[in-house]
Amino acid sequence: MACLYGVYLGVEADHGILVFNLVYLALAVVLIGLERTLPYEKAWLKPDGQTFANLAHTLLNKGAVQILVAVTAVLGLASAAEPQRQTWPSLWPADLPMVIQVGLGLLLAEFGLYWAHRLAHEWALLWRFHAVHHSVTRLWVVNTGRFHFVDTAVSVVFSQAILFAIGAPVIVLLWVSAFTAFVGILTHCNIEMRFGPLSYIFNTPELHRWHHSMVPDEGNTNYGENLMAFDQVFGTFFNPPRRPPVKIGIPGPMPADFLGQLGHPFRASGSQALPTVLAKDKSVAALTRSGDSGQG
Ligand SMILES: [Zn+2]
Ligand SMILES: [Zn+2]
């Protein structure tokens, strides 16, 4: 909430994107400090040799998304300057207070994000790319942005296209992006934090740790990026009263280096067994379960 307030002040001062980047960096530094002092899982503090790859994926995604946002903003400004270009009437309730517009934007974007993420787990072609994110064996702030850029592009198109088509103003698109960035960095952090009833509404670290489980029945849940509304509606919400597994990752291979990971989904060897298919293979499920014996 404090970060969102900071961005609000930045937007008011006409330096929204600059202030967003500064606030995001400050939050990352605070969270990395808290991971050292208040870790959720001590085993996840050990280096996994993926820090460079994680940061390289993050920078590539951040660059690509900010270019996409800038292009959208330019297109938005162009259509505002020439309203006759708009071929269909805008359905967007632009007269409502901005807080309600952003809430509506989050909910509509979430519909796209939910299905993009669920498809990435159920469609072998998309899972090739999404497996890069799930191949990490520890969760911490630095692997928040570890997504193959094709994976990111699919979810950005799924979510932003809905808002764009319905005529949402650029400012709403920017607020949804800011909210998504802050929730994303929180859900991956390795900090002992409890969110209680908030986990029924928002995506939280507790829920997202289950999503990273190697056990297909546990990992193919909690697809929500920011809100859990569609997991509740479509029956994929998962929040049992026990500790999520320490041992996370994917059963298939993944190159250790950044360039190898970028190219992996395009190679024949890059095909990964789908998590849903694995659920039917009892031997694999048993294997991953026995690997979790260290959990509390
Ligand atoms: Zn996933
Ligand atoms: Zn994740």
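Student: How are the donor residues of the zinc ion (ligand 1) spaced in sequence?

Tutor: The spacing is H-x3-H-x8-H-x3-H-x76-H. This is a predicted model, in which local features need pLDDT of at least 70 and side-chain atom pairs count only at pLDDT 80 or more, while totals for chains, interfaces and linings use all residues. Residues are numbered from 1 along each chain as its sequence is written, chains are lettered from A and ligands numbered from 1 in the order in which they are written, and side-chain values use heavy atoms, leaving out hydrogens and water.

Student: What makes H117, H121, H130, H134 and H211 donors to the zinc ion (ligand 1)?

Tutor: A donor is an N, O or S atom within 2.8 Å of the metal (3.2 Å for Na, K and Ca); water is not among the atoms, so a site may look incomplete. Each of these histidines coordinates through NE2, at 2.1 to 2.2 Å, so they qualify under the 2.8 Å limit. The zinc ion (ligand 2) is 6.0 Å from the zinc ion (ligand 1).

Student: Why is N54 called buried or exposed?

Tutor: Buried means under 20% relative accessible area, exposed over 50%, and partly exposed in between (1.4 Å probe, protein chains only). N54 has 0%, so N54 is buried. N54 lies in helix α3, where a helix is a DSSP run of H or I with at least four residues, and strands are E runs of at least two, numbered from the N terminus.

Student: Which residues does N54 touch?

Tutor: Leaving aside residues up to four places away in sequence, N54 touches V136, W140, V142, N143 and R146. Contact means heavy atoms within 4.5 Å.

Student: Why is I67 called buried or exposed?

Tutor: I67, also in helix α3, has a relative accessible area of 57%, so I67 is exposed.

Student: What makes a nonpolar patch, and which residues form one here?

Tutor: Members need over 30% relative accessible area and no salt bridge; nonpolar side chains (Val, Leu, Ile, Met, Phe, Trp, Tyr) are joined within 5 Å, like charges within 9 Å. A salt bridge is a side-chain nitrogen of Lys or Arg within 4 Å of a carboxyl oxygen of Asp or Glu. I67, V71, L75 and F164 make a patch of about 380 Å², and helix α3 (residues 51-81) gives its largest share, three residues.

Student: What makes a nonpolar core, and which members of the largest one touch the most others?

Tutor: A core is a set of buried Ala, Val, Leu, Ile, Met, Phe, Trp, Tyr and Cys residues joined through side-chain atoms within 4.5 Å. Of the 29 residues in the largest core, F20, L163, F182 and I185 touch the most other members. Its largest share, ten residues, comes from α7.

Key: Accessible areas come from the Shrake-Rupley method with a 1.4 Å probe; for residues, only the protein chains shown count as cover.
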